[in-house]
Amino acid sequence: LVIANAGMGINAPADELRLEHVIPVLQLNVLGACATLTAAIPHLLAGGGGTLVGVSSLAALRGLPTSAAYSASKAALSTFLESLRVELVPRGIDVSDIRPGFVDTPLTQKNGFRMPFLMTADDAAQRIVRGLERRRRIIAFPWPTALAMRLLAGLPSALFEGLGRLSLSRRL
């Protein structure tokens, strides 16, 4: 079992976002996780199988306002995991994508906004362990946030963008 759990994020409106803010998020969340996972593949194959796990986010499902770098980084990781899964499951390696919502960690404690269905780290860990024991490909939680994000992911882009602008105007 190899778990790539890397995460950092910034919340910045587009007019304040700079490349120097985006690069570290992508380096850690995407390249750090990919470096861990790709280094493990030869060892798992040589050992006859195992499990690769990447900790992504429900934010991977849609580009969320003020979270461009974070959403993009987690979407990249989810897509990377999906590609690995297609190739590795037939070779005896399970690949799981953990997609938590808000979990009470030092990362989320910096957020200056309301975080619906905030979970403790212990609750999140229990859900992850149960999902891995059941060999789930995608472990998304908590269910109300996961359901809301799946619904948002299914919306036409124009409707989603309108909702995003409405959300931003209420924050101002």
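A search of the whole structure, a predicted model, finds 0 aromatic pairs. One ring does carry a charge over its face: Arg62 lies over Phe160, at 4.2 Å from the ring centre.

**The sheet**

Four strands form an open sheet in the order β1-β2-β3-β4, with parallel pairing. β1 (2-4) and β4 stand at the edges, and each has a single partner strand, so one side of each is left without a neighbour in the sheet. On average, neighbouring strands of this sheet are turned by 15° against each other, direction ignored. The β1 and β2 pairing is parallel and runs over 3 bridges. Val2 stands opposite Leu52 in β2.

**Helices across the sheet**

Two helices, α2 and α4, lie across strands of the sheet.

| Helix | Strands crossed | Angle |
|---|---|---|
| α2 | β2, β3 and β4 | about 160° to β3 |
| α4 (residues 121-133) | β2, β3 and β4 | about 155° to β4 |

**Helix α2**

How far apart are the end C-alpha atoms of helix α2 (residues 68-88)? They are 30 Å apart. At 1.5 Å a residue, the 21 residues should span 30 Å, so the two values agree.

The buried residues of α2 are Ala69, Tyr70, Ser71, Ser73, Lys74, Leu77, Ser78, Leu81, Leu84, Arg85 and Leu88. Lys74 and Arg85 are thus listed alongside leucines, among them Leu77 and Leu81. An α-helix has 3.6 residues a turn, so residues three or four places apart point the same way. The buried residues of α2 pack against α1 (19-46), β2 (50-55), β3 (93-100) and β4 (138-141).

Conventions. Residues are numbered from 1 along each chain as its sequence is written. This is a predicted model: local features need pLDDT of at least 70, side-chain atom pairs count only at pLDDT 80 or more; totals for chains, interfaces and linings use all residues. Side-chain values use heavy atoms; hydrogens and water are left out. Rings of Phe, Tyr and Trp (its six-membered ring) pair if their centres lie within 6.5 Å; planes under 30 degrees apart count as stacked, over 60 as edge-to-face and the rest as tilted. A charge sits over a ring if NZ of Lys or CZ of Arg is within 6 Å of the ring centre and within 35 degrees of the ring normal. The expected span of a helix is 1.5 Å times one less than its number of residues. Buried means under 20% relative accessible area, exposed over 50%, partly exposed in between (1.4 Å probe, protein chains only). Contact means heavy atoms within 4.5 Å. Two strands pair if DSSP finds at least two bridges between them. Axes are lines fitted to C-alpha atoms, for helices over the stretch in contact, and angles run from 0 to 180 degrees between N-to-C directions.
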